[in-house]
Amino acid sequence: MTKALAPFDSDAYPDYNPVDRGMWDSRRIRGGSNGHGFAVAPGYENDPRLIHDEPALDGTPRPSAPGVCAGGPRALLDFSRPQLAMERAVAASWDLWHSLSAMHPAAVPLADFIDRYRNDPTAFPGDRPADAMIAAYRAQPLIKAYLDHPFRLSMGYLGFIGGSDPMEHPVMGYRGTRAEYIREYTWTGTQNTDVLTLDGWWLEPYKQGVDAVHAFCEPELCPHKPEVPAVWPGSEAYLADLPGDTIIVRVHCHC
């Protein structure tokens with residue numbers, strides 16, 4: 001992976017990479033913990049060839065949701081349904097909440113904290129009462145245990161935006177069934193990520209089609225023509241058709 005991504009390292013410019021080929025300056029393997037990776041094919045859940053998320057920058061582990069990974073040999077990955085990995089991750093967020101709820105005292109809802117914050121000036125003393133309110137809510141053992149785990153999937157938002165109140169994670173107080181929760185909170189869009197192909201093309205989708213940058217040429221002088229997949233947009237369909245021994249890895253890049 002390091003070798004394949006090196007031609008697109010923006011920090012290598014001007015040593016050897018043209019500026020128009022700089023696609024990333026930092027990267028981490030990620031997808032197993034947040035549902036944006038790949039579903040594992042039946043029977044391969046514990047296969048050591050599967051690739052899982054790198055820890056967070058502070059060293060916090062990011063375990064994969066059950067039946068999800070950040071990559072591995074294509075034959076070990078299940079492309080039968082586009083949303084399967086996300087469905088499994090959302091299910092893990094539900095299961096985590098109910099497991100922790102059986103271990104910790106019930107938590108006071110966020111709405112109660114907001115009500116005290118708005119109606120009792122002495123409820124959260126200090127220079128930043130809104131921050132103190134959020135800290136008090138988050139300090140509850142059940143809330144802290146849940147929000148500190150990657151399976152929470154970053155849903156909800158503990159902060160004031162304009163005139164909007166903070167939003168509690170939707171699993172908290174959800175009245176429907178597990179199946180209803182999974183259906184409601186599974187992202188149903190088609191995965192359409194950038195793809196680095198086996199022959200060194202970085203394919204990046206945009207409204208009119210796909211932009212292709214070659215790993216081995218000056219972008220403005222490249223004489224080659226990429227074999228852009230006919231299925232684009234929809235990068236997952238391209239990945240699903242690769243040979244079974246092809247190693248596929250989901251990488252989050254920053255540039």
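Colleague: Among contacts in the protein chain between residues at least 6 apart in sequence, what share joins residues at least 24 apart?

Modeller: In this predicted model, residues at least 24 apart account for 64% of the contacts in the protein chain between residues at least 6 apart in sequence. The chain has 7 helices and 10 strands, and its C-alpha trace spans about 70 × 45 × 35 Å along the principal axes.

Colleague: Why is Thr177 called partly exposed?

Modeller: Thr177 has a relative accessibility of 42%; since buried means under 20% and exposed means over 50%, this value falls in between, and therefore Thr177 counts as partly exposed. Thr177 is found in the loop between helix H5 (141-147) and helix H6 (178-185). Of the 255 residues of the chain, 40% count as buried.

Colleague: What makes Tyr157, Ile161 and Met167 a nonpolar patch on the surface?

Modeller: A residue of such a patch needs over 30% relative accessible area and no salt bridge, and nonpolar side chains are joined within 5 Å. Tyr157, Ile161 and Met167 form a patch under that rule, with about 320 Å² of accessible area together. Ile161, like Thr177, lies in the loop between H5 and H6.

Colleague: Which residues have the most contacts inside the largest nonpolar core, and which helices supply it?

Modeller: This core has 33 residues, and those with the most contacts inside it are Trp97, Met133, Tyr146, Val171 and Met172. Helix H2 (84-101), helix H3 (110-119), helix H4 (129-138), H5 and H6 each supply at least two of its residues, and the largest share, 11 residues, comes from H2. Leaving aside neighbours within four places in sequence, Trp97 is in contact with Leu142, Ile143, Tyr146, Val171 and Met172. Apart from this core lies another, of 11 residues, among them Leu77, Val195, Leu239 and Ile248.

Colleague: How do you know that strand S2 (residues 38-40) and S5 are paired?

Modeller: Two strands pair if at least two bridges are found between them; 2 bridges join S2 to S5, so the requirement is met. The two strands run antiparallel, and Ala39 stands opposite Asp78 in S5.

Colleague: Why are strand S3 (68-69) and strand S5 (77-78) called edge strands?

Modeller: The open sheet of 3 strands has the order S3-S2-S5, with antiparallel pairing. S3 and S5 are its edge strands, and each pairs on one side only. Strands of a sheet pair through backbone hydrogen bonds, either parallel or antiparallel.

Terms used
Residues are numbered from 1 along each chain as its sequence is written. This is a predicted model: local features need pLDDT of at least 70, side-chain atom pairs count only at pLDDT 80 or more; totals for chains, interfaces and linings use all residues. Side-chain values use heavy atoms; hydrogens and water are left out. Helices (H or I, at least four residues) and strands (E, at least two) are DSSP runs, numbered from the N terminus. Buried means under 20% relative accessible area, exposed over 50%, partly exposed in between (1.4 Å probe, protein chains only). Patches are made of residues with over 30% relative accessible area and no salt bridge: like charges are joined within 9 Å, nonpolar side chains (Val, Leu, Ile, Met, Phe, Trp, Tyr) within 5 Å. Accessible areas come from the Shrake-Rupley method with a 1.4 Å probe; for residues, only the protein chains shown count as cover. A salt bridge is a side-chain nitrogen of Lys or Arg within 4 Å of a carboxyl oxygen of Asp or Glu. A nonpolar core is a set of buried Ala, Val, Leu, Ile, Met, Phe, Trp, Tyr and Cys residues joined through side-chain atoms within 4.5 Å. Contact means heavy atoms within 4.5 Å.
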